[in-house]
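Thanks for making time, everyone. Please have a look at the structure on the screen, and then I'll walk you through it.

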Amino acid sequence: MFDHYNLKLENNIMCRIGSIKSKHYIHPSLALKLMRSQQKGHDNSGFAFIMQDLGGIFENYKDLPILSMAVTDEGMKYAEDLLHQIGFVRNFQYTPEVYPDNLLKIETMPNYIFEVFQYPKTYKNATREEKEELLLDTRLKLRAYLEKNEEGFVYSFYPDVISLKEIGDPNDIGTYFNLWSEEVNLKAKIITAQCRQNTNYDIVRYAAHPFFLQGYTTLTNGENTFYEKNKLVQQKLHKGYIGFESDSQCFLYTLHYVHKILKWPLKYYKHVLTPLPFDEMEKRDNKNVLERIKSSLQNLEINGPNTTIGVLPDGTMFNVIDSKKLRPTVICKDKDIVIMTSEVTGANEILPDRDISKDIYTNERELVVVDNDLNIQRIAQ
């Protein structure tokens, strides 16, 4: 019903991804500018972003869940009824003012919903884990109905997070939602964004990066040729590992599994994705740990040219790339902002006065981590 673009891959076209982490609240127009500077590398088929650690109109609702949807009228009615039945009470609603124009290349939905809710009264004394399970279960119910009846898409239902995924020209998408203008009071300290829809397969909004689950965000430039192997295992590991509209969703599910479910330190995420060769493991003090990771989670290994940017629930941002360094990432910084992106042109657009001698190009055997004070740590695998 909605996904009728018929686009084909071109050999010189690939995803362009970027993330911005700031000490101060920033506007999504900055993410649009970051992506616009890399326009020659993508095909104008879409734009999506996730904003975390929100300011602006959402700043006073830090602890309350926000529902991000794009739906039909019927889909909106179903969502309202379901949330009411569960016991959620709407606290605040933001409906973006849109600016239609026949000249804009964009495939729009009838309604874009960003709603803040109070938890049901029965969850007044619930733990964070119990609330997270409620939010996930609710989102999955919404998605199942909307998908079955072709009534729309639900992207996230989580505190301090809003999501938007759209099909069309990124510049036109920004114009349609007036995101180029800072008069729109949307702000955040972390914004992840991608230009280019999922043109390897049928275009589906769910396939657009970034991907989000329970506070975890990933976006990937490249491909995962172990997708089928990953999928077969992941869909049995957790109820939230669904969809698989893109091979890059596997990066999110592995991150969630390793860090949230297994509760391993982030440094081991890289070891799961691209384990060291056995002869390299032999040289390490923790070789027994690394060998166990490789043997127990070998079906979560990835392959192919790719680079992944991720964000943890606590705001930590990181980058890993494939073991052959076929999809590079540049990390740039000034005193207030860190940018991770596919091309240095993006950083030049946003941080023209930075010290370029401090730019980092992630190596194939390291994890680059940015904390909430914008300190950058390079962790060798």
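I'll go through the sheet, one residue in it, the salt bridges and the aromatic pairs.

One thing before we start. This is a predicted model. Keep that in mind for every value I quote.

Let's begin with the sheet. Eight strands make it up, and it is open. Read across, the order is β5, β8, β2, β9, β1, β15, β14, β16. The pairing is antiparallel. Which strands stand at the edges? Those are β5, residues 106-107, and β16, residues 360-361. Each has a single partner strand, so one side of each has no neighbour in the sheet. As general background, strands of a sheet pair through backbone hydrogen bonds.

Now zoom in on one pairing. Strand β2 covers residues 46-56, and it pairs with β8 in the antiparallel sense. Seven bridges hold that description up. Want one to find on the screen? Take Ala48: its bridge partner in β8 is Lys165.

There is a helix to place here too. Helix α1, residues 29-36, lies across β1, β2, β9 and β15. Its angle to β1 is about 150°. For your orientation, β1 is 16-26, β9 is 186-195 and β15 is 337-341.

Next, a single residue: Glu166. You'll find Glu166 in strand β8, residues 161-168. Is Glu166 buried or exposed? Its relative accessible area is 1%, so Glu166 is buried. What does its side chain touch? One polar contact, at 2.5 Å, goes to the side chain of Tyr112. Another polar contact goes to the side chain of Arg205, also listed at 2.5 Å. Beyond its sequence neighbours within four places, Glu166 is in contact with a longer list of residues, including Ser45, Gly46, Phe47, Ile173 and Phe177. Ile106, Glu107 and Thr108 are among them as well.

Compare that with Asn91. Asn91 sits in strand β4, residues 89-94. Its relative accessibility is 34%, so Asn91 counts as partly exposed. Setting aside neighbours within four places in sequence, Asn91 is in contact with Tyr61, Leu64, Val116, Phe117 and Gln118. Here is one distance to note. Asn91 and Ile66 are 25 residues apart along the chain, and their C-alpha atoms are separated by 9.7 Å.

On to charges. In general, side chains of opposite charge can pair when their charged atoms come close. How many salt bridges does the count give? It comes to 19.

Let me show you three. Start with Glu132 and Lys260, where the closest N and O atoms are 2.7 Å apart. This pair links distant parts of the chain, 128 residues apart. Glu132 is in helix α3, residues 128-148, and Lys260 is in helix α6, residues 249-261. Glu132 counts as buried, at 5% relative accessibility. Lys260 has a relative accessible area of 19%, and it is buried too. The cut-off for buried is under 20%, so Lys260 does qualify.

Second, Asp336 and Lys335. Their closest N and O atoms are 2.8 Å apart. Lys335 is exposed, with a relative accessible area of 63%.

Third, Asp359 and Arg354, a salt bridge at 2.8 Å, N to O. Both of these residues, Asp359 and Arg354, are buried. There is a network as well: salt bridges with shared partners join Asp53, Lys62 and Asp160.

Last topic, the rings. The whole structure has 20 aromatic pairs. Take Tyr78 and Tyr145. Their ring centres are 3.6 Å apart and their planes are at 10°, so this pair is stacked. It joins distant parts of the chain, with Tyr78 in helix α2, residues 73-86, and Tyr145 in helix α3, 67 residues apart. Tyr78 is partly exposed, at a relative accessible area of 24%.

Now Phe117 and Phe157. Here the centres are 6.1 Å apart and the planes are at 85°, so the pair is edge-to-face. Phe117 is in strand β6, residues 111-118, and Phe157 is in strand β7, residues 152-159. They are 40 residues apart. Phe117 is buried at 5% relative accessible area, and Phe157 is buried at 3%.

One cluster to finish. Ring pairs link Phe58, Tyr61, Phe92, Tyr94 and Phe114. Tyr61 should sound familiar: Asn91 is in contact with it.

Note on methods. Residues are numbered from 1 along each chain as its sequence is written. This is a predicted model: local features need pLDDT of at least 70, side-chain atom pairs count only at pLDDT 80 or more; totals for chains, interfaces and linings use all residues. Side-chain values use heavy atoms; hydrogens and water are left out. Helices (H or I, at least four residues) and strands (E, at least two) are DSSP runs, numbered from the N terminus. Buried means under 20% relative accessible area, exposed over 50%, partly exposed in between (1.4 Å probe, protein chains only). A polar contact is a pair of N or O atoms within 3.5 Å; within protein, one must be able to donate a hydrogen and the other to accept it, and residues adjacent in sequence count only if both atoms are side-chain atoms. Contact means heavy atoms within 4.5 Å. A salt bridge is a side-chain nitrogen of Lys or Arg within 4 Å of a carboxyl oxygen of Asp or Glu. Two strands pair if DSSP finds at least two bridges between them. Axes are lines fitted to C-alpha atoms, for helices over the stretch in contact, and angles run from 0 to 180 degrees between N-to-C directions. Rings of Phe, Tyr and Trp (its six-membered ring) pair if their centres lie within 6.5 Å; planes under 30 degrees apart count as stacked, over 60 as edge-to-face and the rest as tilted.
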